[in-house]
Amino acid sequence: MEKLQSLRGMVDLLPEQMPLWQLIEATFRSQFERAALREIRTPLLEVTELFARGIGEATDVVGKEMYTFQDRGERSCTLRPEGTASVVRAALQHGLLSQGPQRLWYTGPMFRYERPQAGRQRQFHQVGIELLGFADPRSDAEAIAIAWDLLSELGVGGLALELNSLGDPADRAAYRTTLVGWLEEHQEQLDADSRERITTNPLRILDSKNPDTQAVLAKAPLLIDSLSEASRGRFEAVRGCLDALEIPYRLNPRLVRGLDYYTHTAFEITSSQLGAQATVCGGGRYDGLIEQLGGSPTAAIGWAIGLERLVLLLAQAQAADIAALTSPTPDVYLVSRGEQAERQALLLSRQLRQAGRSVELDLSGAAFGKQLKRADRCGAPWAVLIGEGEAEQGVVLLKDLRGDGEEQRLSSEQLKRALSSF
RNA sequence: GCGGGCGUCGCCAAGUGGUUAAGGCAGCGGCUUGUGGUGCCGCCAUCCGGGGGUUCGAAUCCCCUCGCUCGCCCCA
């Protein structure tokens with residue numbers, strides 16, 4: 001029979017890896033709490049139209065990467081490829097924005113049908129924030145600072161912030177015309193892929209990784225030169241805020257994010273230690289999205305961090321505190337032998353847990369020696385032994401597994417008292 | 001969707017046409033039938049991702065297929 005295994009690109013997170021994930025989760029929860037953000041959870045499955053309309057029909061994510069299927073009611077459903085569209089939908093659906101601006105965060109799995117490679121799976125996890133209803137340039141800087149500080153607090157090294165402004169839709173349209181004109185003149189110098197994009201998505205030619213194309217593009221007109229006075233002023237203001245926060249960045253006029261909804265500020269945080277998929281955090285302003293999804297015009301900014309990529313970075317960071325992360329071990333390993341003793345041990349395990357101790361109960365029925373061996377290996381500092389003799393006398397043996405193996409003969413009341421003191 | 005690399009036990013790994021398919025870790029059992037950590041002994045792949053083929057003979061060569069992996073596209 002063929003072995004059952006997980007679907008391509010769907011990975012299991014095994015118990016051994018969970019301490020690191022939990023550290024990351026605890027860190028961002030704490031960060032977000034300090035930044036006065038509130039958590040929101042939305043469904044993994046949404047109507048396909050939400051993403052088609054929000055992310056943009058022409059994008060790769062919508063065009064070829066979505067997990068889309070018909071449900072039994074013949075509605076077209078899609079496993080969410082990103083978080084922003086869902087969060088905005090939920091905010092609109094429940095009238096959150098009529099209560100004022102919203103400062104939100106979310107985390108959970110996302111799905112994209114792509115070829116897996118280092119730092120990229122078909123089911124992957126993101127954590128992100130969305131500041132809905134904030135237009136002030138300080139909100140751009142605040143959002144970026146939260147991401148930057150989160151990554152710093154986790155001790156991720158080799159980070160770089162790249163920054164660009166995409167302007168407003170009018171700026172973009174104007175630039176698009178300029179750029180297409182220029183690209184058409186230089187068509188024969190571009191690679192085939194890029195040539196095709198002149199009509200479909202010219203802006204994305206800008207961050208082509210083809211070195212020849214990049215060389216040609218060096219002389220292409222820049223988006224930043226097409227920005228209106230107002231857009232340029234806004235960008236200056238954001239940069240000023242970042243300077244005030246002493247967050248270093250590199251201007252990257254070629255940074256064009258893949259989702260259609262971005263306006264003005266666009267940014268990525270990358271790491272040199274990641275391999276081909278170097279972006280650990282990506283985000284930007286999306287002032288048009290909320291209206292696009294049926295709300296009234298509302299400014300907003302957000303970002304998402306890829307947790308698998310973060311795990312990759314932290315795992316190789318080899319900081320002592322990360323390398324030393326292990327699953328918690330029980331305080332007490334409970335060994336028993338004989339029917340009466342086994343029953344007492346079962347009862348005692350519950351009482352100890354109710355009293356706040358963590359307890360592993362040996363259920364094997366194996367010889368004392370075997371059970372003790374497991375007690376030793378599980379890392380518990382204490383073993384409690386109940387044999388037939390102890391069961392009859394209503395006592396237990398408390399054994400110190402760390403030291404010389406000293407044993408005390410105690411009543412279960414004495415045991416509870418003894419354990420509550422360490 | 002397209003390229004490159006790889007596929008021997010749960011994990012690491014030797015083996016490159018004729019071996020009973022090394023070894024290590026983990027696991028299980030014993031020495032020690034009620035006392036662990038060290039040590040010693042034993043067990044643990046009739047089979048080398050799967051299917052065909054070449055050959056007297058294949059884990060080792062060929063073809064197909066599946067999977068993993070790295071990269072392209074794109075993105076977190």
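In this predicted model, Phe-69 stands opposite Cys-77 of strand β4. The two strands concerned, β3 and β4, pair in the antiparallel sense over 4 bridges. They form a hairpin with 5 residues between the strands, and within this hairpin Glu-74 takes a positive phi near 60°. A salt bridge is also found in this part of the chain, where the side chains of Arg-75 and Asp-71 meet at 4.0 Å, N to O. Asp-71 is partly exposed, since its relative accessible area is 27%.

The hairpin belongs to an open sheet of 3 strands, which follow the order β2-β4-β3 with antiparallel pairing. Strands β2 (45–47) and β3 (67–70) stand at the edges; each has a single partner strand, and therefore one side of each is left without a neighbour in the sheet. Neighbouring strands of this sheet are turned by 35° against each other on average, direction ignored. On the β2 side, 3 bridges join β2 to β4 (residues 76–79), and these strands run antiparallel. Within that pairing, Glu-46 has Thr-78 of β4 as its bridge partner. Helix α2 (residues 48–55) packs on the sheet and touches β2, β3 and β4, its direction making about 75° with that of β2.

Thr-78 deserves a closer look. This residue is found in strand β4, and it is classed as buried because its relative accessible area is 0%, against a cut-off of under 20%. Leaving out residues up to four places away in sequence, Thr-78 touches Leu-44, Leu-45, Glu-46, Thr-48, Phe-51, Met-66, Tyr-67 and Thr-68.

A second buried residue may be considered in a later part of the chain. Leu-419 is found in helix α17 (residues 412–420), and it is buried, with a relative accessible area of 1%. Beyond its neighbours within four places in sequence, Leu-419 is in contact with Val-332, Leu-352, Arg-357, Trp-382 and Leu-398. Of these, Leu-352 is 67 residues away from Leu-419 along the chain, yet the C-alpha atoms of the two are separated by 8.7 Å.

The discussion now returns to charged side chains. Side chains of opposite charge can pair when their charged atoms come close. The structure holds 20 salt bridges. One of them joins Arg-138 to Asp-136, with the closest N and O atoms 3.1 Å apart. The partners fall into separate accessibility classes: Arg-138 counts as exposed because its relative accessibility is 57%, whereas Asp-136, at 35%, counts as partly exposed. Exposed here requires a value over 50%.

Another salt bridge links Glu-236 and Arg-239, whose closest N and O atoms are 3.8 Å apart. Both residues lie in helix α10 (residues 229–244); because they are 3 residues apart there, about one helical turn separates them. Glu-236 counts as partly exposed at 45% relative accessibility, and Arg-239 counts as partly exposed at 22%. Elsewhere, salt bridges that share partners join Asp-140, Arg-234, Arg-285 and Asp-287 into one network.

The final topic is the RNA. Of the 55 residues around RNA strand B, those that come nearest are Arg-112, Arg-120, Arg-257, Gly-258 and Leu-401. Sugar or phosphate accounts for 55% of the atoms of RNA strand B within 4 Å of the protein, and bases account for the rest.

Individual polar contacts illustrate these parts of the RNA. At a phosphate, an oxygen of RNA strand B is 2.9 Å from an N or O atom in the side chain of Arg-377. At a base, a nitrogen of RNA strand B lies 2.7 Å from a polar side-chain atom of Asp-376. A polar backbone atom of Val-280, in turn, is 2.9 Å from a sugar or linking oxygen of RNA strand B. The elements that give two or more residues to the surface near RNA strand B are the helices α3 (60–64), α7 (192–200), α15 (368–377) and α16 (388–393), together with the strands β6 (123–132), β10 (279–285), β11 (300–306) and β15 (395–400). Helix α15 provides the largest share of this surface, with 8 residues.

Definitions and conventions
Residues are numbered from 1 along each chain as its sequence is written. Chains are lettered from A and ligands numbered from 1 in the order in which they are written. This is a predicted model: local features need pLDDT of at least 70, side-chain atom pairs count only at pLDDT 80 or more; totals for chains, interfaces and linings use all residues. Side-chain values use heavy atoms; hydrogens and water are left out. Buried means under 20% relative accessible area, exposed over 50%, partly exposed in between (1.4 Å probe, protein chains only). Contact means heavy atoms within 4.5 Å. Two strands pair if DSSP finds at least two bridges between them. Axes are lines fitted to C-alpha atoms, for helices over the stretch in contact, and angles run from 0 to 180 degrees between N-to-C directions. A residue is near a molecule or strand if one of its heavy atoms lies within 4 Å of it. A polar contact is a pair of N or O atoms within 3.5 Å; within protein, one must be able to donate a hydrogen and the other to accept it, and residues adjacent in sequence count only if both atoms are side-chain atoms.
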